[in-house]
Amino acid sequence: MSFTDKVKNKAEEMTGKAKQGIGDATDNERLMAEGQAQETAAKAKQAGEHVKDAGRDVRDALS
């Protein structure tokens, strides 16, 4: 995973957390749900990138 991808995914995750916090503070359920969805999507992207990195590491080790 490139550094740029890591930063983008982390920024998206933090944005989601912020939306959840703002939604909770203002009792805005839509904003809370939107924030949760955004945070979950960012974590899924990060997990996918980690799997790709692990696959590359295994391939390199066997080469």
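**Warm-up**

A search of the whole structure turns up nine salt bridges, a salt bridge being a side-chain nitrogen of Lys or Arg within 4 Å of a carboxyl oxygen of Asp or Glu. Keep in mind that this is a predicted model, where local features need pLDDT of at least 70, side-chain atom pairs count only at pLDDT 80 or more, and totals for chains, interfaces and linings use all residues. Residues are numbered from 1 along each chain as its sequence is written, and side-chain values use heavy atoms, with hydrogens and water left out.

**Exercise 1. Work out what span helix α1 should have, and check it against the model.**

Step 1: Helix α1 covers residues 3–25, which is 23 residues. Helices here are DSSP runs (H or I, at least four residues), numbered from the N terminus.

Step 2: The expected span is 1.5 Å times one less than the number of residues, so α1 should span 33 Å.

Step 3: The end C-alpha atoms of α1 are 33 Å apart, which agrees.

Step 4: Look just past the end too: right after α1, Asp27 takes a positive phi of about 55°.

**Exercise 2. Glu13 and Lys10 form a salt bridge; find how they are placed in α1 and how accessible each one is.**

Step 1: Their side chains meet at 3.5 Å, N to O.

Step 2: The two residues sit three apart in helix α1, so about one helical turn separates them. In general, an α-helix has 3.6 residues a turn, so residues three or four places apart point the same way.

Step 3: Now the accessibility. Buried means under 20% relative accessible area, exposed over 50%, and partly exposed in between (1.4 Å probe, protein chains only). Glu13 comes out at 7%, so Glu13 is buried. Lys10 has 41%, so Lys10 counts as partly exposed.

Step 4: Glu13 has company: Asn9, Gly16 and Gly23 are also buried in α1. The cover over the buried residues of α1 includes α2 (29–62).

**Exercise 3. Which salt bridges does Glu34 form with Lys19 and Arg30, and where do these residues lie?**

Step 1: Start with Lys19, whose side chain meets that of Glu34 at 2.7 Å, N to O. This pair links distant parts of the chain, with Lys19 in helix α1 and Glu34 in helix α2, 15 residues apart.

Step 2: Next is Arg30, with its closest N and O atoms to Glu34 lying 3.0 Å apart. Arg30 and Glu34 are both in helix α2, four residues apart, or about one turn of the helix.

Step 3: Sort them by accessibility. Lys19 (22%) is partly exposed, Glu34 (32%) is partly exposed, and Arg30 (55%) is exposed.

Step 4: For one more example, Lys17, Glu39 and Lys43 are linked in a salt-bridge network.

**Exercise 4. Describe how α1 and α2 pack.**

Step 1: The helices pack at an angle of about 160°, with their axes 7 Å apart. Axes are lines fitted to C-alpha atoms, for helices over the stretch in contact, and angles run from 0 to 180 degrees between N-to-C directions.

Step 2: That makes α1 roughly antiparallel to α2, since angles over 145 degrees count as roughly antiparallel, under 35 as roughly parallel, 65 to 115 as roughly perpendicular and the rest as oblique.

How values were computed
Contact means heavy atoms within 4.5 Å.
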